[in-house]
Amino acid sequence: MKIVPHQPYETNSKAEYRVFAKLKESLVNNNKYIAFHSLNLTKHEYKRFGEADFVIVCEYGLFVFEVKGGGISCDNGIWHTINRDKEKHKIQNPFTQAETALYAIKKKMEESNKFCNLNIPIGYGVIFPDVKWLTQGSEWDKLIICDSQTFKNFENFLNKFFKYWHNKKANNAQISVENIKAIAQYLRPNFEVIESLSNQLLQQKENTLKLTQDQYRYLDIVASNPRVLCSGGAGTGKTFLAAELARRIARENKKVVFVCKSEWLKHYLSAKIINEFVTISTINSAKVDMKRQGIEKYEVLIVDEGQDLFNVSDIDKLNKLVVGKIEEGEWYIFHDINNQALGIIDDEAFEFLNSIPHTKIPLTTNCRNTNPILKYVQNLLDVDMGTKDIMDGPKVVEILDSSRDNTLEYQINTLLKDGIPSSHITLLSNLRYQDSSVSMLSSSLQDKIIELDSYSVRNFPVNKISFAQIKNFKGLENEVIILIDMPKPNKNNNKALYYVAMSRAKALLNIIYTD
């Protein structure tokens, strides 16, 4: 059956991982069954926030399963799990948990008024994958319990379970495929809310990033494709997806190498992806990093900012990192579709990659920039940065300043007075700090600015206004970008620098052009 998400959410319950795998193997290619892992409940009877371990929507109705691993005991109505060290941990009655979770979902659906004319059969069960259940009781029937014996043939258990509830009086309706999809869409709409990269550093800021439908599909497609070339313009979520992919594959205990060109991006990602199975390397350090860890070859290769590595020399280095080499190994390369337009590609290397059987995944939805920024950059530089449905965000600010005198100081102070936090502002220049217009700011304002380097970028965004050279800021982003020390682009300018700099802005792009 289809299961959402395609990979299990992180949990301390090993039993849930096992149930997830069993569900994935059951009722294969049957579009009448959809399962959900870890469904949050906002209408729980006695909890402010509840959670259903697994929910199944199918032709027989809506069903909730509670999962309890390890040993189980109940003494005078007090339930405990028992670990391998014979230690007991008090738990709630799992049958009551499953039942109340079921009715919390039912209540939420009724309040939505979306399913008023639909008779939805309901039921619940409990899964004990580690113990043989022989105890009889008034609170349960044997057919709603999956123990270590019935767990061995899980699909057979499910068929009997659904039939048990279907035979209940007034519970014998069946649901069409169309209504199954409608219920599934309501329970968990077609996006995942996943922590953004910057939010993993600033834990006090509860920002989330909604994965668009094409990105969500990509994460699922990966499971059945050993080699993927994923293309997208700036802001389509390539770095975020590459990082999420590395975490998901690492959960399978596979040794993953995540390669990029930039030393800055390497250090930034090293602070975001902390996993014993994932090694973050630059292309120049990857071979040494592999030897230091005593790894002969990695099982999976992930590359971000791949267009920077599309040359014969770097492709040869990648070839030596992964089991089966590039031709037969498992790899996922994320690259910018604008590399050709910006003239930063080696045709021979790119043709070699394209000659190897692989799946192409285009990312077409911009999930970083506001529409004003998106349209400004696309019109100015004639590049494809994806599309965005919602028209929002302030206009791009363009200023022509020949004096390099106090224009920048005025713009920064205006932003700070408007309540924009210093950490949200990054100044980007093609020049070094000492040669840029930042060096001409008042000493009091310069005290509020930090010059980023490969070490400090680990803690980005920092608690000050940040300054960086454009070439070092690839793969990074901030709410407000002020681009300085650059003339207005024309056919003789290097479009790549403008493209990288302008596309880093999430909410506001402020440009101070020089003559």
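**Two nonpolar cores and a parallel sheet**

In this predicted model, the largest nonpolar core holds 59 residues, and the members that touch the most others within the core are L23, L62 and L187. Helix α3, spanning residues 154-166, supplies the largest share of this core, with seven residues. Around L62, leaving aside residues up to four places away in sequence, the contacts include V55, I56 and V57, then L102, I105 and M109, and also I183 and L187. Another core lies apart from the one to which L62 belongs; this other core has 57 residues, among them I273, L497, Y498 and A505. In soluble globular proteins, nonpolar side chains tend to be buried together.

For the protein as a whole, 16 helices and 23 strands are assigned, and buried residues account for 53% of its 515 residues. Of the contacts between residues at least 6 apart in sequence, 67% join residues that are at least 24 apart. The accessible surface amounts to about 24700 Å², with 47% of that area belonging to carbon and sulfur atoms.

Six of the strands form an open sheet with parallel pairing, in the order β14-β13-β15-β16-β12-β17. Its edges are β14 (278-282) and β17 (359-363), each of which pairs on one side only, while the twist from one strand to the next averages 15 degrees. At the β17 edge, the parallel pairing with β12 (residues 227-232) extends over five bridges, and C230 has I361 in β17 as its bridge partner. Towards the other edge, helix α8 (residues 263-270) lies across β13 (256-260) and β14, running at about 160 degrees to β14.

Note on methods
Residues are numbered from 1 along each chain as its sequence is written. This is a predicted model: local features need pLDDT of at least 70, side-chain atom pairs count only at pLDDT 80 or more; totals for chains, interfaces and linings use all residues. Side-chain values use heavy atoms; hydrogens and water are left out. A nonpolar core is a set of buried Ala, Val, Leu, Ile, Met, Phe, Trp, Tyr and Cys residues joined through side-chain atoms within 4.5 Å. Buried means under 20% relative accessible area, exposed over 50%, partly exposed in between (1.4 Å probe, protein chains only). Helices (H or I, at least four residues) and strands (E, at least two) are DSSP runs, numbered from the N terminus. Contact means heavy atoms within 4.5 Å. Accessible areas come from the Shrake-Rupley method with a 1.4 Å probe; for residues, only the protein chains shown count as cover. Two strands pair if DSSP finds at least two bridges between them. Axes are lines fitted to C-alpha atoms, for helices over the stretch in contact, and angles run from 0 to 180 degrees between N-to-C directions.
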